[in-house]
Amino acid sequence: MANLKSIADAAKKELANLTGFSYPAVVEIKQNGNGWKVGVEIVEKKSIPEAMDILGFYEVQVDAAGDVVDYTRKGLRKRIDTQSIGAI
């Protein structure tokens with residue numbers, strides 16, 4: 001079984017590779033049966049000022065071996081918006 005750091009790293013790396021976006025940040029991790037659901041925010045559009053960057057919130061499914069098996073974008077927000085998009 002993988003540890004939380006390796007689960008988070010796998011989700012961030014694979015999401016960045018799949019979407020082509022940069023700067024992923026894990027905001028949630030929850031165990032889900034034999035795997036994990038990982039909530040990741042990632043910069044989808046850089047802006048000036050940075051407060052106007054557009055962040056996507058993704059739910060990433062990671063299996064017990066630490067492999068990403070699924071991901072879904074759950075929403076978008078501006079960096080300045082402090083309200084969470086939702087939970088995984």
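**Fold.** I started with the secondary structure of this predicted model. I counted one helix and four strands in the protein. I then read the order along the sequence and noted α-β-β-β-β. The radius of gyration came next: 13 Å, close to the 12 Å that the globule rule gives for 88 residues, so I call the protein as compact as a globular protein of that length.

**Extent and surface.** I looked up the span of the C-alpha trace along its principal axes and wrote down about 40 × 25 × 20 Å. For burial, I found that 34% of the 88 residues count as buried. The accessible surface comes to about 5,300 Å². Carbon and sulfur atoms hold 50% of that surface.

**Contacts and charges.** I took the contacts between residues at least 6 apart in sequence and asked what share joins residues at least 24 apart. The share is 41%. I also checked the charges. The protein has 12 positive and 12 negative ones. Their mean positions lie 4 Å apart.

**Backbone at Pro49.** I went through the peptide bonds and noted a cis one between Ile48 and Pro49. Its omega is about 5°. Where does Pro49 sit? I placed Pro49 in the loop between strand E2 (35-45) and strand E3 (54-62).

**Asp53, in that loop too.** I found Asp53 in the loop between E2 and E3. Is Asp53 buried or exposed? I read a relative accessible area of 0%, so Asp53 is buried. I then listed what Asp53 touches, leaving out residues up to four places away in sequence. The list holds Val43, Lys45, Lys46, Ser47, Arg77, Lys78 and Arg79. Of these, I placed Arg77 and Lys78 in strand E4, which covers residues 68-78.

**Backbone at Tyr23.** I noted a positive phi of about 65° at Tyr23, although Tyr23 is not a glycine. I placed Tyr23 in strand E1, residues 22-32. The relative accessibility of Tyr23 is 58%. The cut-off for exposed is over 50%, so Tyr23 counts as exposed.

**Aromatic rings.** I searched for ring pairs and the count came to one. Which rings form the pair? They belong to Tyr58 and Tyr71. I recorded the centres as 6.0 Å apart and the planes at 45°, so I filed the pair as tilted. Tyr58 lies in strand E3 and Tyr71 in strand E4, so the pair ties together parts that are 13 residues apart in sequence. I also looked up how far each ring residue is covered. At 4% relative accessibility, Tyr58 counts as buried. Tyr71, at 33%, counts as partly exposed. The cut-off for buried is under 20%, so Tyr58 falls under it, while Tyr71 does not.

**Helix to strand.** My last stop was Asp9, which I placed in helix H1, residues 4-19. Asp9 has a relative accessibility of 31% and counts as partly exposed. I then took the C-alpha distance from Asp9 to Val26. The two residues are 17 apart along the chain, and their C-alpha atoms are separated by 8.5 Å. Val26 falls within strand E1, residues 22-32.

Methods: Residues are numbered from 1 along each chain as its sequence is written. This is a predicted model: local features need pLDDT of at least 70, side-chain atom pairs count only at pLDDT 80 or more; totals for chains, interfaces and linings use all residues. Side-chain values use heavy atoms; hydrogens and water are left out. Helices (H or I, at least four residues) and strands (E, at least two) are DSSP runs, numbered from the N terminus. The radius of gyration is taken over C-alpha atoms; the globule rule is 2.2 Å times the number of residues to the power 0.38. Buried means under 20% relative accessible area, exposed over 50%, partly exposed in between (1.4 Å probe, protein chains only). Contact means heavy atoms within 4.5 Å. Accessible areas come from the Shrake-Rupley method with a 1.4 Å probe; for residues, only the protein chains shown count as cover. Lys and Arg count as positive and Asp and Glu as negative; His and the chain ends are not counted. The place of a charge is taken as NZ of Lys, CZ of Arg, CG of Asp or CD of Glu. Rings of Phe, Tyr and Trp (its six-membered ring) pair if their centres lie within 6.5 Å; planes under 30 degrees apart count as stacked, over 60 as edge-to-face and the rest as tilted.
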